[in-house]
Amino acid sequence: MADEKPQPVPGQQYVLLFAGSTSTDKIDPAFKEAGEKLAAAMIKRKWGLVYGGGGGLMEVVSKSVAAAGLPVQGIMPHALAPRELNDRQLKTIWVEDMQTRKQEMFRWADIVISLAGGIGTLDETFEALCYNQLNIKQLKIGLVNTKGYWDPFEALIAKIVGEGMANEDVKKMCIKKEDPEELLAAIESTPVVQGSLKLDWGLY
């Protein structure tokens with residue numbers, strides 16, 4: 001009999017974190033500090049964490065949240081483990097590919113927060129927007145704007161909308177703040193922005 005898939009703790013709010021896996025020794029210390037502040041803001045609210053299971057900024061947040069006794073769930077493709085796995089003592093769901101990884105992460109998510117990251121983080125953040133736009137799952141999306149990191153992303157979204165490639169509501173789906181505490185406070189007080197496409201996927 002196969003092991004049952006781990007499930008979110010009932011009643012627990014989970015932040016789905018997207019963030020870089022590059023070692024914090026190789027990036028500006030401001031990004032690590034932002035991760036530490038995000039973890040503190042989550043711990044204050046007793047929010048759990050679901051994330052890609054990797055190192056770098058992901059590890060900064062995951063270890064702090066786990067140390068506070070809050071639920072932390074990593075989701076990692078087997079192929080990435082030699083490069084990204086941060087701590088074998090943290091809970092990890094093993095999957096076969098990147099698409100399954102993202103589907104599983106979104107299954108757990110109540111809120112999406114993106115720290116600075118690379119191409120994978122951009123891909124995942126855009127996918128969160130797609131989830132809202134297509135009404136796959138309605139999620140609040142927050143961007144920790146350290147050193148103006150997400151300003152070009154916001155400008156690209158504005159360009160996409162301005163050229164008529166997406167509806168105006170897409171510009172309102174992300175909340176962007178430099179300070180993680182202010183970001184989480186804004187997320188708490190702001191209703192989720194639903195996409196105009198009222199499609200029924202029957203997934204969540």
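**A friendly walk around helix α1 and its sheet**

Modeller: Just after helix α1, lysine 46 has a positive phi of about 60°. Please keep in mind that this is a predicted model.

Biologist: What makes a positive phi worth pointing out?

Modeller: Most residues other than glycine have a negative phi. Lysine 147 is another case, with a positive phi of about 55° although it is not a glycine. Asparagine 135 also has a positive value, near 60°.

Biologist: Where do asparagine 135 and lysine 147 lie?

Modeller: Asparagine 135 is in the loop between α5 (119-133) and β6, and lysine 147 is in the loop between β6 and α6 (151-162).

Biologist: Why is lysine 147 called exposed, and why is asparagine 135 called partly exposed?

Modeller: Exposed means over 50% relative accessible area. Lysine 147 has 56%, so it is exposed. Asparagine 135 has 24%, which lies between the cut-offs of 20% and 50%, so it counts as partly exposed.

Biologist: And glycine 69, where does that one sit?

Modeller: Glycine 69 comes just after α2 and takes a positive phi of about 85°. Helix α2 itself spans residues 57-67, and its buried residues are Leu57, Met58, Val60, Val61, Ser62 and Val65.

Biologist: Back to α1. How do you know that its length fits that of a helix?

Modeller: Helix α1 covers residues 29-45, which makes 17 residues. At 1.5 Å a residue they should span 24 Å, and the end C-alpha atoms are 25 Å apart, so the two values agree.

Biologist: What makes you say that the buried residues of α1 share one side?

Modeller: The buried ones are Phe31, Ala34, Gly35, Leu38, Ala39, Ala41, Met42 and Arg45. They cover an arc of only 165° around the axis, and that puts them on the same side of α1. An α-helix has 3.6 residues a turn, so residues three or four places apart point the same way. On the other side of α1, Pro29 and Lys44 are exposed. Among the elements covering the buried residues are β1, β2, α2, β5, β6 (140-144) and α7 (180-189).

Biologist: Why is arginine 45 called buried?

Modeller: Buried means under 20% relative accessible area. Arginine 45 has 15%, so it counts as buried. Leaving aside neighbours within four places in sequence, arginine 45 touches Glu181, Leu184, Ala185 and Glu188.

Biologist: What makes the pairing of arginine 45 and glutamate 181 a polar contact?

Modeller: The limit for such a pair of N or O atoms is 3.5 Å. The side chains of arginine 45 and glutamate 181 meet at 2.7 Å, so the distance is within that limit. The arginine 45 side chain also reaches the backbone oxygen of alanine 41, at 3.0 Å.

Biologist: Why is aspartate 28 said to cap α1?

Modeller: One of its side-chain oxygens lies 2.8 Å from the backbone nitrogen of alanine 30, at the N-terminal end of α1. At the start of α7, a side-chain oxygen of aspartate 179 comes to within 3.2 Å of the backbone nitrogen of glutamate 181.

Biologist: How do you know which side of α7 is buried?

Modeller: Its buried residues are Pro180, Leu183, Leu184, Ala186 and Ile187. Their arc around the axis is only 160°, which puts them on the same side of α7. They pack against α1, β5, β6 and β7.

Biologist: Now the sheet. What makes β4 and β7 edge strands?

Modeller: The open sheet has seven strands in the order β4-β3-β2-β1-β5-β6-β7, with parallel pairing. β4 (92-95) and β7 (174-177) each have a single partner strand, so one side of each is left without a neighbour in the sheet. On average, neighbouring strands are turned by 20° against each other, direction ignored.

Biologist: How do you know that β3 and β4 pair?

Modeller: Two bridges are enough for pairing, and β3 (residues 72-77) and β4 have four, in the parallel sense. Methionine 76 has tryptophan 94 in β4 as its bridge partner, and proline 77 stands opposite valine 95.

Biologist: Which side chains of β4 are buried?

Modeller: They alternate: Ile93 and Val95 point to one face and are buried, whereas Thr92 and Trp94 point to the other and are not.

Methods: Residues are numbered from 1 along each chain as its sequence is written. This is a predicted model: local features need pLDDT of at least 70, side-chain atom pairs count only at pLDDT 80 or more; totals for chains, interfaces and linings use all residues. Side-chain values use heavy atoms; hydrogens and water are left out. Buried means under 20% relative accessible area, exposed over 50%, partly exposed in between (1.4 Å probe, protein chains only). Helices (H or I, at least four residues) and strands (E, at least two) are DSSP runs, numbered from the N terminus. Axes are lines fitted to C-alpha atoms, for helices over the stretch in contact, and angles run from 0 to 180 degrees between N-to-C directions. The expected span of a helix is 1.5 Å times one less than its number of residues. The arc is that of the directions from the helix axis to the C-beta atoms. Contact means heavy atoms within 4.5 Å. A polar contact is a pair of N or O atoms within 3.5 Å; within protein, one must be able to donate a hydrogen and the other to accept it, and residues adjacent in sequence count only if both atoms are side-chain atoms.
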